[in-house]
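Okay, thanks for coming, everyone. I'll put the structure up, and then we'll walk through a few spots in it together.

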Amino acid sequence: MALMPISQAIRWVAEQDPDRPAITQVALAGSPDHEERTVTRLELERRTNRLARTYERLGVEQGDFVTVGLPNGIDFYEACIAAWKLGATPQPVSYRLPQRERDEIVALAKPSLVVTSVIEPDADASDEPILPDRTAPSYKAPTSGGSTGRPKVIVSGQPGVTDPETPGGFGMEPNGTQLVPGPLYHNAPFMFSMSGLFKGMHLIVLPRFDAATSLELIERHRVDWLLMVPTMMLRIWRLPEEERLKRDLSSIKGILHLAAPCPPWLKEAWILWLGADKIWELYAGTEAQGVTVISGADWMAHKGTVGKPAAGTMKILDPETHAELPAGEIGEVWMHPPEGRSTYRYLGSEARRDDDGWESLGDMGSMDAEGYLYLADRRTDLILAGGANIYPAEVEAALDEHPAIHSCAVIGLPDEDLGQRVHAVLELAPGASVTDDELRVFLRERLVSYKIPRSFERADGSVRDDAGKVRRSGLVLERTTDH
């Protein structure tokens, strides 16, 4: 089947099996405002036709942005679909954003509509298809603060079109069932769950990630595909073994992980648990100038890699001289998008691009002689302690192996003697305790001495957000600014 506007795909999928569930939103303890309910494909098609006509009356036109700041759930999907049916571009933001930051994003995007609470369709709005179908010039426009902490909008270079019959890759098949445990305002959960919806997948959507509930839902709904980040993988692995192993996960055909480096020991544990053919990894920025992909089987033969470039090309340059580095040496990762293809544009920022069209997101890494990419960390997160380069992700991966650690973030703090000292911010597992000296003994078996944190701190709350990301620059600023 050829590419078609998203509105046409939603209608086509509904026509194939009107009564099949399209989206189920799950209720969790502690989420009293989030009731469990399901909409069918036909209900989704008809309601979003009505909602689109309501948005049109509110001023939304083809080519506009519609800012969507709703929690995970059916309402979020309906708002985005209604925008696409008008040829507008959904611009997802966190519903938890402070008003000031939201205002900054709205000022950048200049949307014709901001949806931060549910807008009900007008009573007289027709549920018939909006014809002719309209195509959004950009499929999506998520935001990113990146290492600068300043918001920017990343407008996709891909129009709002899809093919509902083409497999999505990584084991994702049309008409399957997908678990959605990540926040929809982040690019990857947004993109892959929408792709599944367009292909007729039944989406099982969590309001927030919960390790035990995720396994129960996989078993109950016979989930065959899901996207996770390493933090989610770690928290599932940290469940009591009897709880983790009692669930039937045989329905899974594909698990894709991305968004942050996955500790090699954790990835290997998942491969040995569920099978190498089911575990996939992807590395790319939201900008998608370059993409690497690797299967579980290929990874086992090249442990620690994030794969070879599957879209665009990549090279490793010396961050100071800009000279290309030989295989095995760590430098800055530069990417070149496929020839003749514009993958994105920024609002509120400028790309780090050279005269030949190569771009960098600030990631550090190396390539081996076979062309496999190995990531180190963000250039801005690099710690220079006593003249040695220390990459926080490596220290975090070692700390995450300790059973008392629920999550962690490693940063460099100013030090009169060393320039910077390695500092670890720890989120302990419930009921766990561990001394600094016990951690140092544990780390000596995994890291050279200069990489072991000089200081440790226990955090009161979560170190990482719902997508497993941490803004290290913010942690540094909090600990170095005089109050």
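So, there are 12 aromatic pairs in this structure, and please keep in mind that we're looking at a predicted model. Let me pick one of those pairs. Phe-76 and Phe-190 sit edge-to-face, with 6.2 Å from centre to centre and 80 degrees between the planes. Phe-76 belongs to helix H3, residues 74-85, and Phe-190 to helix H5, residues 187-198, so this pair ties together parts that are 114 residues apart in sequence.

Are those two rings buried or exposed? Phe-76 is buried, at 0% relative accessible area. Phe-190 is buried as well, at 2%. And the pair has company: one aromatic cluster is formed by Phe-76, Tyr-77, Trp-84, Tyr-139, Phe-190 and Phe-198.

Now zoom out to the helices themselves. Two packed helices are described by the angle between their axes and the distance between those axes. For H3 and H5, the angle is about 75 degrees and the axes are 12 Å apart. That falls between 65 and 115 degrees, so H3 counts as roughly perpendicular to H5. Who makes the contact? On the H3 side you have Phe-76, Tyr-77, Cys-80, Ile-81 and Trp-84. From H5 come Phe-190, Ser-193, Met-194, Leu-197 and Phe-198. Sort them by class and you get 9 nonpolar residues, 1 polar and no charged ones.

While we're in this area, have a look at helix H1, residues 6-16. Its buried residues are Ile-6, Ser-7, Ala-9, Ile-10, Arg-11, Val-13 and Ala-14. Yes, there's an arginine on that list. And what do they pack against? Both H3 and H5 are among the partners, along with strand S1 (4-5), helix H2 (41-57) and strand S9 (161-162).

Next, some backbone oddities. The peptide bond from Leu-131 to Pro-132 is cis, with omega near -5 degrees. You'll find Pro-132 in the loop between strand S6 (113-115) and strand S7 (143-144).

Then there are two positive phi values at residues that aren't glycine. Lys-110 has phi near 50 degrees, and it lies in the loop between helix H4 (99-109) and S6. Lys-110 is exposed, with 65% relative accessible area. His-322 has a phi of about 70 degrees, in the loop that links strand S17 (313-317) and strand S18 (331-336). How exposed is His-322? Partly, with a relative accessible area of 36%.

Staying with S18, that strand is also home to Glu-332. This glutamate is buried, at 1% relative accessible area. What does Glu-332 touch, once we leave aside neighbours within four places in sequence? The list includes two arginines, Arg-352 and Arg-379, as well as Lys-315 and Asp-363. Ile-316, Leu-317, Pro-319, Ser-360, Gly-362 and Met-364 are in contact with Glu-332 too.

Lys-315 is worth a second look. Besides being in contact with Glu-332, Lys-315 lies over the face of Trp-358, at 4.2 Å from the ring centre. There's another charge over a ring further along: Arg-446 lies over the face of Phe-442, at 3.6 Å from the ring centre.

That's my tour. Who wants to pick the next spot to look at?

Conventions: Residues are numbered from 1 along each chain as its sequence is written. This is a predicted model: local features need pLDDT of at least 70, side-chain atom pairs count only at pLDDT 80 or more; totals for chains, interfaces and linings use all residues. Side-chain values use heavy atoms; hydrogens and water are left out. Rings of Phe, Tyr and Trp (its six-membered ring) pair if their centres lie within 6.5 Å; planes under 30 degrees apart count as stacked, over 60 as edge-to-face and the rest as tilted. Helices (H or I, at least four residues) and strands (E, at least two) are DSSP runs, numbered from the N terminus. Buried means under 20% relative accessible area, exposed over 50%, partly exposed in between (1.4 Å probe, protein chains only). A charge sits over a ring if NZ of Lys or CZ of Arg is within 6 Å of the ring centre and within 35 degrees of the ring normal. Axes are lines fitted to C-alpha atoms, for helices over the stretch in contact, and angles run from 0 to 180 degrees between N-to-C directions. Angles under 35 degrees count as roughly parallel, over 145 as roughly antiparallel, 65 to 115 as roughly perpendicular and the rest as oblique. Contact means heavy atoms within 4.5 Å. Ala, Val, Leu, Ile, Met, Phe, Trp, Tyr, Cys and Pro count as nonpolar, Asp, Glu, Lys and Arg as charged, and the others, Gly among them, as polar.
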